[in-house]
Amino acid sequence: MRAKIAGIAHYVPERVVTNHDLEVLMDTSDAWIVERTGIRERRYVREGQGTSDLGLEAARAALDQAGLTPADIDFIIFATLSPDYMFPGCGVLLQQKLGCPTIGALDVRTQCTGFVYGLSMADALIRSGTYRRILLVGAETQSMGLNFTTEGRDMAVIFADGAGAAVIVAGDDDGPGILASVLHSEGQYAKELWMEVPTCLAPSTRMTEMIAEGRHFPQMNGREVFKHATRRFVEAVDEVLEKIGAKREDIALLVPHQANKRISDAVAERLSIEPARLVVNVQRYGNTTAASIPIALSEAVAEGRARPGDLVVLVAFGSGFTWGATAIRW
Ligand code: UT7
């Protein structure tokens, strides 16, 4: 049996934050942000709106599209690096907010690659016959945790909030569905893109001191991440294509994690994917980490860019480092 996407939807908060809005807070410019990242605006939550709330909106829309209700879902997978709480995870919060029965709920902690990891897990759980209908959510609320001073500008101008959700169901062996996934990690680079605090490596009594030192803000070695990302994106696409016996020219739609327009453009060029076969929406939403692929896929599907029978490839890279790709027959 093949696992297929029966519904794909997204939700972004209403508040639009432009590059000009950020110019007021730190030493940056619209020109710099557009040239280095392609981003023009992004969405931020209102205070009190959490990652599980964004996920809830996207999940409801994906369920509607699939013609299912929360009672039909067997299992929840929730990918995020910005959960409402350190614990419990967002999966259980979503189970309660949706009003699902007491089904299992798993949080995935692989950052920008979270949706691809989650999709691969959902695919395996469905093909093994363990579950028949899985709700997969990728959602982030990063605006609450960024450093909006010049010191934090490299990350503050990129990262943003949003959510995407997919309903994965059991389908026919030769029908539409997930063909293969590849997943990778390389922990030696964990500190190239990370958030140190809160941590369990120091007693909680030291937390105030660590926060005063700014160690609760995410940190990124942008150049290093950029270099690895462009290489790993290309490798993962080629690896998943090889697994299914397909070629680069067979890809009808490439949906890369929306990290930076320069990264997507470089990857597309190396893979000889022309703009008509590439999904880019980072200019409107920024980098929404685990939410970026489902948001991009949801928009592309709504625009009719994925037609029945098309080979759609999702590819991601991020903190960990983690990276991976999934090939889907649409
Ligand atoms: O989500 C997956 C993981 N994340 C990524 O894939 C992100 C990967 N990295 C990037 O996208 C890019 O490295 C950035 C957009 C973060 C930075 O672009 P860059 O072209 O690599 O710039 P840089 O880090 O080499 O910095 C160039 C200059 C520096 O100034 P100096 O040292 O040359 O004087 C930075 O301080 O740009 C400065 N800079 C900024 N200037 C204005 C860094 N951030 C900003 C900013 N506004 N927001």
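Two strands are taken to pair if DSSP finds at least two bridges between them. In this predicted model, β11 and strand β12 (residues 311-318) meet that condition in the parallel sense, over four bridges, and the bridge partner of Leu253 in β12 is Val312.

Both strands belong to an open sheet of four strands, ordered β8-β13-β12-β11, in which the pairing is mixed. The edges of this sheet are formed by β8 (177-185) and β11 (253-256), each of which pairs on one side only, and from one strand to the next the twist averages 10 degrees.

Ahead of β11 in the chain numbering lies helix α8, whose 23 residues occupy positions 222-244. From its first C-alpha to its last, α8 reaches 33 Å, close to the 33 Å expected at 1.5 Å a residue. The buried residues of α8 include Glu224, His228 and Arg232, together with Val225, Phe233, Val237 and Leu241. Gly245 follows the helix, and its phi is positive, near 70 degrees.

The model also contains pockets, of which the largest has a volume of about 1,000 Å³. This pocket is lined by 33 residues, and those nearest its centre are Leu81, Ser82, Pro83, Arg109 and Met195. The composition of its lining is set out below.

| Class of lining residue | Number in the largest pocket |
|---|---|
| Nonpolar | 16 residues |
| Polar | 13 residues |
| Charged | four residues |

Notes. Residues are numbered from 1 along each chain as its sequence is written. This is a predicted model: local features need pLDDT of at least 70, side-chain atom pairs count only at pLDDT 80 or more; totals for chains, interfaces and linings use all residues. Side-chain values use heavy atoms; hydrogens and water are left out. Helices (H or I, at least four residues) and strands (E, at least two) are DSSP runs, numbered from the N terminus. The expected span of a helix is 1.5 Å times one less than its number of residues. Buried means under 20% relative accessible area, exposed over 50%, partly exposed in between (1.4 Å probe, protein chains only). Axes are lines fitted to C-alpha atoms, for helices over the stretch in contact, and angles run from 0 to 180 degrees between N-to-C directions. On a 1 Å grid over the protein atoms alone, a cavity is a set of points where a 1.4 Å probe fits but cannot get out, and a pocket is an open set with protein on both sides within 12 Å along at least five of seven lines; lining residues have an atom within 4 Å of a point. Grid points are joined across faces, edges and corners, and a volume is the space filled by probe spheres set on the points. Ala, Val, Leu, Ile, Met, Phe, Trp, Tyr, Cys and Pro count as nonpolar, Asp, Glu, Lys and Arg as charged, and the others, Gly among them, as polar.
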